[in-house]
Every structure is written in structure tokens, then in C-alpha cells.
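Hi,

Here's the structure I promised to pass on. Have a look at it first, and my notes on what turned up follow below.

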Amino acid sequence: MRYTLLACLILLPVGASAQVRLVPASPTLPRLPALPAAAQTAGVLEPSLSAEGAEVVPLSTLEGGEKLGDDQYRPSVGQPGKDVIWVPTPESLVKALLTAAKVTRNDYVVDLGSGDGRFPIAAARDFGARAHGIDYNGDMVALARRNADRAGVRTKVTFQRGDIFESDFSSASVVTLYLLPNLNLKLRPKILTMKPGTRVVSHAFDMGDWEPDETIRTDDATGYLWIVPAQLAGRWAFEVGNERFTATIVQTYQKLSTTGGPLNGGRVRGREVTFSLGGGRELTGELGETGLIGRGWTATRIGG
Ligand SMILES: C[S@@+](CC[C@H](N)C(=O)[O-])C[C@H]1O[C@@H](n2cnc3c(N)ncnc32)[C@H](O)[C@@H]1O
């Protein structure tokens, strides 16, 4: 609990009132779940709130020799951002999260708060996707573009200087985040209206009571995956073999409960649905143009 709180403070909403103080590297530093272990062991952050403004000492490398920035711009881990400071996601977690999201060349990956561009660049370089990054800090956007050039993916990746809360990312098929719990919650209503099947991955922070579909752990960091569920709440007419019945689906994110029929609730993952019939029996199918359809069964919406 203490570490969770500290983690939230580390990626704190900044402004004139945030101070981030660097502390010496120490093997006894607690390993904070929200920070790359690399950043911790490099002696990175001890956050505190103060009216004196931000004080950030530049670090040019993370543990393992990862170089931050380039000759034109050297960002500092913990430097202020509009709503959250900059801390890079470890490359190992970037890869693990994009793998969990099953990114392919058909995807359009958008990183909200893209920092030095590592999520979009990896999505293009390692998974063949098109990708886009949005960051409020113009220096980070310029650095991300140069990083994309150096990685040879400039034709597949774009970056934009902008506020993620005022930008349209609705065409993304994969959204990547490393923000803060309250910022994730602020984005959540928009994310839930995205196309069913859109994958969302977040480094460290969850989405409140929208439970993740998967938790991804690397040696030094944790992330989560959500799959935007189709909206199925309402009244449906089912035909299952020779049986006909109506049922009302009540939906809480990806969890379904039903009243009025033999179904014992179920789950939705994008457009794919699974209902339990009891006795270990299941109905699996997906949402198509005309309703739910599976092998030997259909359901048609008859009310909202
Ligand atoms: C914790 S860093 C994550 C960087 C990158 N996504 C990663 O995982 O390595 C958060 C980034 O969000 C940016 N940021 C903060 N508030 C923002 C806002 N309202 N709109 C756009 N970018 C923002 C910061 O400048 C910073 O680069």
C-alpha cells in the first residue's frame, strides 16, 4: 500500500508545485512498482510536494547503459510534464506489452504521452505496425521523431505535440499508456467507446474497477492489458438448438450476467462472447452484423 502510494506520487501530476529530488543510488532503496528498476537503481527519484517548483537533476543513462536523449536534447527522468512527469518504460516491458496486445502490421498503435517515442518506435520496428505518439512536450516530440529516424521507422511512425485529453485517438487499434491512475480513469469513458477489440496496455497503473484481461510481469515492471468489450447490455432473443428463450444481459465491462433464461452469465472479449450454461457447458460465439452468432445458436437484440 505504501509503495502504491509512493508510486502514485512518483508519477505525480506536476505543475509549479511538484518537486522531484534525486537521491543517491542505494541497494536498500525500495523497488517501486511504478518505476523501471533501472531508474531506481540508477538512483533516480524521491518525490516530494513543495511550493518551490521542480528540481530535477539530469541523468544521461539508465542502468544497463541505456542512453537518454541525444546531442540535441537530454531529457531528465522525472522532469515535469503537463499532467505527469516523464519516466521511460523499460524496453523489456514495452516489448512484453506490445506482445501481449498481439500487435501486427495491421495495427495502428497510439501512445498517449509518448515521451521519447519508445512505444510507437518498437511497435513499428519490432511488430511492423503503423504507430503514433502524442506528447505535450515539444522537445520530447522532436526527440521522438529523431529516434524514429535513427530506428529507420520514420515512414511508419508519426508524432504530434498535443494534449492527450484534447486529441482524437479513436482510430487506434492499440492504445499504450504510462500515465497515472486518475488519468487512466479520465481516459476510460473514451476508451470504452472505441471499436470492440481495441487493445489497451498500461505500464503500472490500472483502470479502477475495469479489471484487466491480463497482467504482464517482467523482472522489474508490471503492466496490464484490456480488450475493449462490445456493448451487449439489453434484452436478447436466443435460439439455442431447438430451444428459444429471451434473456436480459447485464454488463459490467467484460463480465456478463443474465436474467430470464438458462444462461449463467458469461464474458465478452472484444466481439467474442462466452456464456456458461452450467454443468461445464458453454456457448461461444461473436457479435456480428445481425446479433450474436455461434455454432448452433444465435441471439438477436430485442431491447436496449
Ligand atoms: C511517464 S511518461 C511515459 C512516456 C512513454 N509513454 C513511456 O512509456 O516511456 C509520460 C509522458 O506524458 C507526457 N504528458 C504528460 N501530460 C500530458 C498531456 N496532458 N498530454 C500529452 N502528453 C502528456 C509527458 O510529457 C511524458 O513524456
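By contact I mean heavy atoms within 4.5 Å. Also bear in mind that this is a predicted model.

With that in hand, start at Leu112. Skipping its neighbours within four places in sequence, Leu112 is in contact with Ile134, Ile164, Phe169, Val175, Thr176, Leu177, Leu179 and Leu187. That fits with its place in the largest nonpolar core, which has 36 residues: Leu112, Leu187 and Ile191 are the ones that touch the most other members. At least two residues of this core come from each of strand E3 (108–112), helix H5 (138–151), strand E6 (174–177), helix H6 (181–192) and strand E9 (222–227). H6 is the top contributor, with four residues. There's another core apart from this one, made of 27 residues, including Val109, Ala123, Ala129 and Val153.

Next, the aromatics. I get eight aromatic pairs in the structure. Phe238 and Phe245 make one of them: the ring centres are 5.0 Å apart and the planes are at 10°, so this pair is stacked. Both Phe238 and Phe245 are buried. Phe238 also pairs with Trp297, with centres 6.1 Å apart and planes at 20°, so that pair counts as stacked too. What I like here is the sequence separation: Phe238 belongs to strand E10 (residues 234–240) and Trp297 to strand E17 (residues 297–303), so the pair ties together parts 59 residues apart in sequence. Trp297 is buried, just as Phe238 is.

Elsewhere, Trp210, Tyr224, Trp226 and Tyr253 are linked into a cluster by ring pairs.

Two charges sitting over rings are worth pulling up on screen as well. Arg161 has its charged end over the ring of Tyr136, 4.6 Å from the centre of that ring. Lys186 lies over the face of Phe165, 4.1 Å from the ring centre.

Last, the pockets. How much space lies in the largest pocket? About 400 Å³. Its lining takes in 31 residues, and those nearest the centre are Val84, Gly113, Ser114, Gly115 and Asp135. Helix H4 (118–127) and strand E4 (130–135) are the elements that give two or more residues to that lining.

Over to you, and shout if anything is unclear.

Cheers

Note on methods:
Residues numbered from 1 in each chain as written. Predicted model: local features only at pLDDT ≥ 70, side-chain atom pairs only at ≥ 80, totals over all residues. Heavy atoms only, no water. Core = buried A, V, L, I, M, F, W, Y, C linked by side-chain atoms within 4.5 Å. Buried < 20%, exposed > 50% of the residue type's maximum accessible area, 1.4 Å probe, protein only. Phe/Tyr/Trp six-rings, centres within 6.5 Å; stacked < 30°, edge-to-face > 60°. Lys NZ or Arg CZ within 6 Å of the ring centre and 35° of its normal. 1 Å grid on protein atoms, 1.4 Å probe; cavity = no way out; pocket = protein on both sides within 12 Å on 5 of 7 lines; lining within 4 Å. Points joined across faces, edges and corners; volume = space filled by probe spheres on them.
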